[in-house]
Every structure is written in structure tokens, then in C-alpha cells.
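Reader: I'd like a close look at one aromatic contact and the parts of the chain around it. Could you take me through that region in one go, starting from one of the two rings?

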Amino acid sequence: MFINVINGVMLMHCEDVIILRRCMATYISMAVHFNTLFASQGFFLIMPTLLRCYSQRQTNALLCRTIEYVCKQFYVLHRKPFFLQMAGAVANILDTNDNDFEVNPMKVKAKYWFNLLKSMEDMASLEDPLDILGLVNETKPLRALDLCYRDDPNAFSMLTDGLASCVTVCAFAPDSRRSYQMLLVMQATLPYFVEWAERETLANNNSAAAVKHEITIYSTLCVEMKALVNCCEILARGPTRTFDIVNSVSDRGKSFIADSPQFFDPPTVIEDEAKVHHKLAAFPERNSTKEKKSGIGWDNTAGNSEMQREMFRRPRDAMLLLCATFIDKVTPRLKDLAKLASPAEHVKIPDVFDHKCYVVSS
């Protein structure tokens with residue numbers, strides 16, 4: 001596909017301003033002209049490349065500002081679908097190691113991923129550093145392509161838009177591949193979010209207004225985490241449920257990977273049931289062979305027990321690690337905020353988890 005060519009040029013020459021400007025304009029034009037594709041899975045094709053360039057070239061301020069600007073324009077055009085695709089694309093390549101001297105070119109540092117999300121919150125500052133929109137033959141300023149978002153303000157909040165969207169995906173299908181990706185993203189983002197909230201309060205000299213605002217943030221975050229745990233109760237069941245293998249791909253995704261493995265994180269593509277039944281009836285031997293190779297359609301035999309247990313452990317371990325990180329980071333901070341809060345304000349310190357959450361997690 002031609003997108004792979006642009007991705008390759010971007011990886012090799014992203015610090016060339018002329019090439020960078022042309023590539024960014026091409027990405028935006030594609031997001032507009034191929035509206036249907038990018039509303040569902042198109043950003044899986046380009047976001048791994050952009051995020052890797054952003055993570056590996058933090059010393060290039062112009063490049064970083066350009067990618068931040070383009071991500072803001074993507075969000076203006078596609079809103080929540082863009083964020084969810086971007087989160088899904090980065091989930092399996094996030095690197096939580098903060099050591100800048102240990103760099104994996106195929107990974108994205110979690111701290112830079114967080115910085116990108118924070119920059120997207122500043123939608124009021126849409127400064128085009130390279131006049132990219134001058135190469136885009138569309139009406140300016142760009143507007144949401146979906147009519148559902150036309151009247152919504154151009155605003156993004158990591159708490160109420162980003163993390164809340166991840167929780168919504170997990171609540172809708174807790175045992176799906178997408179849910180596991182959202183858990184990984186939240187797991188990598190949460191520590192930096194808590195540190196940022198604390199720094200903001202310290203920057204305001206622990207004023208009463210700043211302390212109250214941080215408590216409000218944690219109140220919302222605690223509600224989201226409680227909803228996440230309660231909705232993911234299915235993950236507490238034994239390893240008898242079916243689960244999409246996180247690293248498995250559809251037939252459509254395999255063709256992309258064969259062409260360019262470093263550029264594409266394949267989306268989940270579910271075939272129509274009628275087509276599936278037709279294939280089962282027409283090629284029973286081929287289907288049985290495919291099941292043996294893929295490991296998705298297993299029975300309760302000893303040979304498949306280890307794979308079944310591993311498929312059960314991954315999302316559950318991600319959920320437990322996320323909850324443990326949340327408790328470890330937020331509990332001490334809430335105790336500090338309880339001491340800093342003014343008695344006259346009567347601010348209620350939220351509970352990290354309730355009794356039901358601990359029962360579900362256990």
C-alpha cells in the first residue's frame with residue numbers, strides 16, 4: 001500500500017522539514033478523503049510510525065510540535081475513534097522504562113506518550129509550525145467529519161475523554177483484545193497522570209483551590225476505576241472462557257504484516273457469521289487445520305491447557321497490575337491531600353476502591 005511508502009519515508013527522513021511537511025499534509029488529507037476507513041481502523045496504519053518518531057526524537061522540538069499539532073487535527077476530524085485507535089496502536093509497543101539511554105527503536109516511551117496526550121489538551125493553541133494545512137485542499141479550519149460531533153467543542157481531556165473512553169471499551173467487552181489493549185494503555189498512563197496532578201498542586205504552592213481541584217480529579221478517577229473493576233468481573237472467572245489471543249491477527253491483518261511488520265498494528269476484524277458458516281461447510285478439513293495452528297478454537301485437552309491458562313492470565317494480570325499501581329500511587333497522595341485540605345472547605349476525600357471492588361479483584 002502507498003501508506004507504507006509514506007511511513008517508510010517518514011521514519012527515514014522525519015527531520016527533513018520539507019519531507020516532514022509533505023508527509024504530515026498527506027496524512028491529514030488521507031484522514032479526510034478516506035473518512036470511512038479512518039473512522040474505524042485507518043489510524044492503525046500510521047500512528048505507530050508517528051509515535052515512534054515522536055518518542056525517539058524528543059530533542060527535535062520542531063518535529064515534536066508538528067506531530068502534536070497533527071494529532072490535534074486528527075482528533076478534531078475524528079474525535080473518540082481517533083483516540084481509541086491511537087491507544088490500540090500504541091498498546092503493544094509501550095515502553096515503561098524511563099531510562100533515555102535504553103532505547104528500543106520499535107517501542108514508544110510511556111512518558112512521551114503521556115506528554116503527547118497532555119499536549120492534546122491544549123486545543124486552544126493550534127499553531128501550525130510548518131503551515132501544513134496550506135498543502136491540504138480542504139476548508140479551514142478543519143471540522144469534525146462525523147455529524148455527531150459537529151456541535152461539540154474542540155476540547156480533549158485526558159481524564160474525561162481519554163481514560164474514560166478506555167474504561168468504556170473495557171466495560172463493553174472485558175474479555176476482548178481491545179479491552180486488553182486499553183488496560184495496557186491505562187497501566188502505562190496512570191503513574192504519570194498522578195505525578196502530573198501532584199506537580200500541578202505543588203506549582204500552586206498547595207493553595208486551597210489547587211488542593212480542591214486535585215481532590216476533584218481523584219474523585220473522578222476513583223469513580224472510573226471502580227466502574228472498570230466492577231465491569232470486568234468476568235476476568236475473575238476461571239480459565240474456561242474463550243478469549244482473543246492478544247498477538248493473534250486476522251487474515252486481513254496478516255497480509256499487511258507480511259508487507260511491512262514495523263508499520264502496522266492490525267485491527268480486529270470479525271468476519272460475518274454467514275461467511276464463517278459457509279467456510280466451515282465448504283472446507284471442514286481446512287478449518288480444523290487452521291484451528292490447530294491458531295490455537296483459537298480449542299477443546300479442553302491437556303495439549304491446549306497451557307495456552308488456555310496464558311490467555312486467561314494476560315488480561316487478569318493487566319487488571320491486577322493496574323489496580324495495584326492505582327492503589328500504590330493514589331492512596332499516599334490522598335492522605336497528603338487530607339492533611340492539606342482546609343477544614344472550612346469540607347472536602348470529602350474519595351475512597352480508592354469500595355468493598356465490592358476488592359471482592360471482584362480477589
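Author: Let's start with Phe 156, which has a relative accessibility of 5% and so counts as buried. Keep in mind that this is a predicted model.

The partner ring belongs to Tyr 75: the two form an edge-to-face aromatic pair, 5.1 Å centre to centre with 75° between the planes. Tyr 75 is buried as well, because its relative accessible area is 3%, under the 20% cut-off. Where do the two residues sit? Tyr 75 is in helix H5, while Phe 156 is in the loop between H7 and H8, so the pair ties together parts that are 81 residues apart in sequence. That kind of link fits into a wider count: of the contacts in the chain with a separation of 6 or more, 78% are between residues 24 or more positions apart.

Now for the helix on the Tyr 75 side. H5 runs over residues 61-78, and 15 of its 18 residues are buried, so the rest of the structure largely encloses it. Its length checks out too: at 1.5 Å a residue the 18 residues should span 26 Å, and the end C-alpha atoms are 26 Å apart, so the two values agree. Right after H5 comes Arg 79, with a positive phi near 55°, although Arg 79 is not a glycine. Arg 79 sits in the loop between H5 and helix H6 (80-91). Is Arg 79 buried or exposed? It has 4% relative accessibility, so it counts as buried.

Arg 79 has a counterpart further along the chain. Asn 206 also has a positive phi of about 55° and is not a glycine either; its place is the loop between helix H9 (177-203) and helix H10 (208-231). Asn 206, though, is partly exposed, because its relative accessible area is 28%.

Back to the Phe 156 side, where the loop follows helix H7 (110-120) and leads to helix H8 (158-172). Pro 141 is in this loop, and the peptide bond from Lys 140 to Pro 141 is cis, with omega near -5°. As for H7 itself, 10 of its 11 residues are buried, so it is largely enclosed by the rest of the structure. The buried ones include Tyr 112, Trp 113, Phe 114 and Lys 118. Lys 118 lies over the face of Trp 196, at 3.4 Å from the ring centre. Trp 113 gives you another long-range link: its C-alpha atom is 9.7 Å from that of Arg 52, and the two residues are 61 apart along the chain. Arg 52 belongs to helix H4 (residues 47-56) and has 8% relative accessibility, so it counts as buried.

Let's go back to rings for a moment. A pair of aromatic rings is described by the distance of the centres and the angle of the planes. The structure holds 10 aromatic pairs. Among them are Phe 38 and Phe 43, whose ring centres are 5.0 Å apart with the planes at 80°, so this pair is edge-to-face. Both of these Phe residues are buried. Together with Phe 74 and Phe 82, Phe 38 and Phe 43 make up one aromatic cluster.

Phe 74 also takes us to the nonpolar packing. In soluble globular proteins, nonpolar side chains tend to be buried together. Here the largest nonpolar core has 100 residues, and those touching the most other members are Met 10, Ile 46, Met 47, Phe 74, Met 86 and Leu 228. H9 contributes the most to this core, with 13 residues. Why does the core lie between the two domains? Domain 1 (1-127 + 139-155) and domain 2 (157-245 + 306-361) both give residues to it, so it lies between them. Take Ile 46 as one example: leaving out residues up to four places away in sequence, Ile 46 touches Ile 3, Asn 7, Tyr 27, Met 30, Phe 38 and Phe 74. Two of those contacts, Phe 38 and Phe 74, are also members of the aromatic cluster.

To put the region in context, the chain has 15 helices and two strands, and 46% of its 362 residues count as buried.

How values were computed:
Residues are numbered from 1 along each chain as its sequence is written. This is a predicted model: local features need pLDDT of at least 70, side-chain atom pairs count only at pLDDT 80 or more; totals for chains, interfaces and linings use all residues. Side-chain values use heavy atoms; hydrogens and water are left out. Helices (H or I, at least four residues) and strands (E, at least two) are DSSP runs, numbered from the N terminus. Buried means under 20% relative accessible area, exposed over 50%, partly exposed in between (1.4 Å probe, protein chains only). A nonpolar core is a set of buried Ala, Val, Leu, Ile, Met, Phe, Trp, Tyr and Cys residues joined through side-chain atoms within 4.5 Å. Domain bounds come from an automatic or database domain assignment. Contact means heavy atoms within 4.5 Å. Rings of Phe, Tyr and Trp (its six-membered ring) pair if their centres lie within 6.5 Å; planes under 30 degrees apart count as stacked, over 60 as edge-to-face and the rest as tilted. A charge sits over a ring if NZ of Lys or CZ of Arg is within 6 Å of the ring centre and within 35 degrees of the ring normal. The expected span of a helix is 1.5 Å times one less than its number of residues.
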